[in-house]
Amino acid sequence: MPERQKVEVSVREDLVFAVRDAVFNLADLGLAPFSIPALAEVELVSEKLRALVQRAQPRDLFDLRLYLTESGWHLDPAELRTCVDRKLALTKHKKWRAGLWRTHLEEIEPLWEPTLSEWVPPDRLPAFDHAVADVARKLRELRLD
């Protein structure tokens with residue numbers, strides 16, 4: 001019998017887009033397909049951008065890079081900008097501007113490897129400079145930087 005898993009969904013901020021059902025098909029693992037409530041992809045990226053602007057946590061840059069470069073998500077630039085601006089309206093920054101996501105990069109850099117190597121396998125942990133370059137490129141493509 002498969003091991004039981006628990007999923008916790010926490011929403012502490014007002015959502016811009018409605019919660020949607022995400023369908024998981026794990027038939028190859030012997031599990032029946034199931035769905036769970038999930039945030040829209042644009043909401044997840046916006047939350048990570050807000051978090052990266054507000055605090056110096058390596059996981060925020062790591063997750064943002066993952067969402068932008070490895071997820072395969074196709075984000076609408078206009079929807080993303082709307083969502084990011086709504087998230088930032090609740091902060092001291094009030095509105096997005098180019099380069100804002102770089103606010104804490106100097107603080108994050110020395111924490112990057114020591115912090116993330118505890119839970120990210122070495123072959124999945126990009127160099128800090130590569131992660132920053134990847135995020136910068138994708139944000140330019142999405143007209144946010």
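How many salt bridges does a search of the whole structure find? The search finds 13. The structure is a predicted model, and the sections below describe its architecture and several of these pairs.

## Overall architecture

The secondary structure of the protein consists of six helices and two strands. Along the sequence these elements follow the pattern β-β-α-α-α-α-α-α.

Of the 145 residues, 37% count as buried. The exposed surface of the protein amounts to about 9,400 Å², and carbon and sulfur atoms supply 50% of that area. Among contacts between residues at least 6 apart in sequence, 66% join residues at least 24 apart.

## Salt bridges between helices

Side chains of opposite charge can pair when their charged atoms come close. One such pair is formed by Lys87 and Glu47, whose side chains meet in a salt bridge at 2.8 Å, N to O. This pair links distant parts of the chain: Lys87 lies in helix H3 (residues 77-88) and Glu47 in helix H1 (residues 41-54), 40 residues apart. Lys87 has a relative accessible area of 2% and is therefore buried. Glu47 has a relative accessible area of 17%, and because buried means under 20%, Glu47 also counts as buried.

Helix H1 takes part in another salt bridge, in which the side chains of Lys48 and Asp60 meet at 3.0 Å, N to O. Here too the pair links distant parts of the chain, with Lys48 in helix H1 and Asp60 in helix H2 (residues 58-70), 12 residues apart. Lys48 counts as buried at 13% relative accessibility. Asp60 is likewise buried, with a relative accessible area of 0%.

## A salt bridge within helix H6

The side chains of Arg137 and Glu141 meet in a salt bridge at 3.5 Å, N to O. How far apart are Arg137 and Glu141 in helix H6? Both belong to helix H6 (residues 128-141), and because they are four residues apart, about one helical turn separates them.

Arg137 is partly exposed, with a relative accessible area of 35%. Glu141 is also partly exposed, at 45%.

## A network of charged residues

Arg137 and Glu141 also belong to a network of salt bridges. Which residues does this network link? Its members are Arg65, Glu70, Arg124, Asp134, Arg137, Lys138 and Glu141.

Technical notes: Residues numbered from 1 in each chain as written. Predicted model: local features only at pLDDT ≥ 70, side-chain atom pairs only at ≥ 80, totals over all residues. Heavy atoms only, no water. Salt bridge = Lys/Arg side-chain N within 4 Å of Asp/Glu carboxyl O. Buried < 20%, exposed > 50% of the residue type's maximum accessible area, 1.4 Å probe, protein only. Contact = heavy atoms within 4.5 Å. Areas by Shrake-Rupley, 256 points an atom, 1.4 Å probe, with all protein chains shown as cover.
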